[in-house]
Amino acid sequence: MNLREQREQYELAHLSPFAAKSITTKGRSLPAEKCEIRTEFQKDRDRITHCKAFRRLMHKTQVFISPEGDHYRTRLTHTLEVAQIARTAARALLLNEDLTEAIALGHDLGHTPFGHTGEDALDTLLPDGFRHNEQSVRVTSDLNLTNEVRDGILNHRTSGNPETLEGWVVKLSDKIAYINHDIDDAIRARILIPTDLPKSACEILGETSTARIDYLVRDMVRYSTGKNTVSLSPDVVVILSELRAYLFENTYAHQLHQSERKKIQTLLRLLFEYYISHPNKLPDELRERCDDPAQAAADYIAGMTDRFAMKRFREIYMPSAWEA
Ligand code: MG
């Protein structure tokens, strides 16, 4: 038996009966040779980590636009926090940690520049709308990922219904991560003060982000152990929803003043109009893959980092100095 086969046998012997096993994966769209060392889900995790879209997450907004401070989250650090929380929960529940990690690392690869403001802008520009979870699957189409990883990525949003428990772990871990780290960043930016947070939520979950994440992960593990479902306990679901609603009202709505939102919408709309009317300015690989000009323009813009979008905008629409 090679190392991969040993690992596959280990999964069969030691993981929960409800865990996804790499030996019984539904497989990939295109046939691919198996690795001697890594399981199919480990291969997917590595493919995601090595792709360009993963590196671009470093310069994409989480909540704060191109933050000047070194301590604010970016889409990359958010992704790593989700992966860490999800792996802890998956391991405790005897689920497939490799599948969980692959889904977590890939879940936001299709996120636009400028966070959800960018996503909302693209959503209004495309005839069929734009959703970052679907874009994450489009972005990874070249990677020929397994069905389970693609399903988990596609279904990580609140409305999603993943096929695997590992997908559910990531979906909950994403929420646990962003609610707490966005509160933490909002406090850092002095948009919120800790004593403003809903008292009931803090009394039960904890006074700090660290304490709340710890409580939520333990609740998920306690409530889901031995079951064929993964969820938080019903009381905690209600408390977390209150905290999320508070965050939406007091941070996301206030953080970007209407004028900043408008600037981002205008910037992305003008880039979109430019690339629709100048498809020859799109990278060759994008044009070859997609013959719908609006979709190709959206694919290009969605892949941009905040700073690259602003650079392109300046190059296209701003006069430049004459260099003799
Ligand atoms: Mg996320």
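Contact means heavy atoms within 4.5 Å. The model is predicted: local features need pLDDT of at least 70, side-chain atom pairs count only at pLDDT 80 or more, and totals for chains, interfaces and linings use all residues. Residues are numbered from 1 along each chain as its sequence is written, and side-chain values use heavy atoms, with hydrogens and water left out.

**Exercise 1.** Place arginine 75 in the structure and list what it touches.

Solution.
- Step 1: arginine 75 belongs to helix α4; helices (H or I, at least four residues) are DSSP runs, numbered from the N terminus.
- Step 2: its relative accessibility is 3%, so arginine 75 counts as buried (under 20% relative accessible area, 1.4 Å probe, protein chains only).
- Step 3: leaving aside residues up to four places away in sequence, arginine 75 has contacts that include Leu57, Lys60, Gln62, Asp108 and His116.

**Exercise 2.** Which residues coordinate the magnesium ion, and how are they spaced in sequence?

Solution.
- Step 1: donors are N, O and S atoms within 2.8 Å of the metal (3.2 Å for Na, K and Ca); water is not among the atoms, so sites may look incomplete.
- Step 2: His78 (NE2), His107 (NE2), Asp108 (OD) and Asp174 (OD) coordinate the magnesium ion at 2.2 to 2.4 Å.
- Step 3: the spacing of these donor residues is H-x28-H-D-x65-D.
- Step 4: histidine 78 in helix α4 and histidine 107 in the loop between α5 (97–106) and α6 (115–125) are 29 residues apart, a pair linking distant parts of the chain.

**Exercise 3.** Is histidine 78 buried or exposed?

Solution.
- Step 1: the relative accessible area of histidine 78 is 1%, so histidine 78 is buried.
- Step 2: histidine 107 is buried as well.

Key:
Buried means under 20% relative accessible area, exposed over 50%, partly exposed in between (1.4 Å probe, protein chains only). Helices (H or I, at least four residues) and strands (E, at least two) are DSSP runs, numbered from the N terminus.
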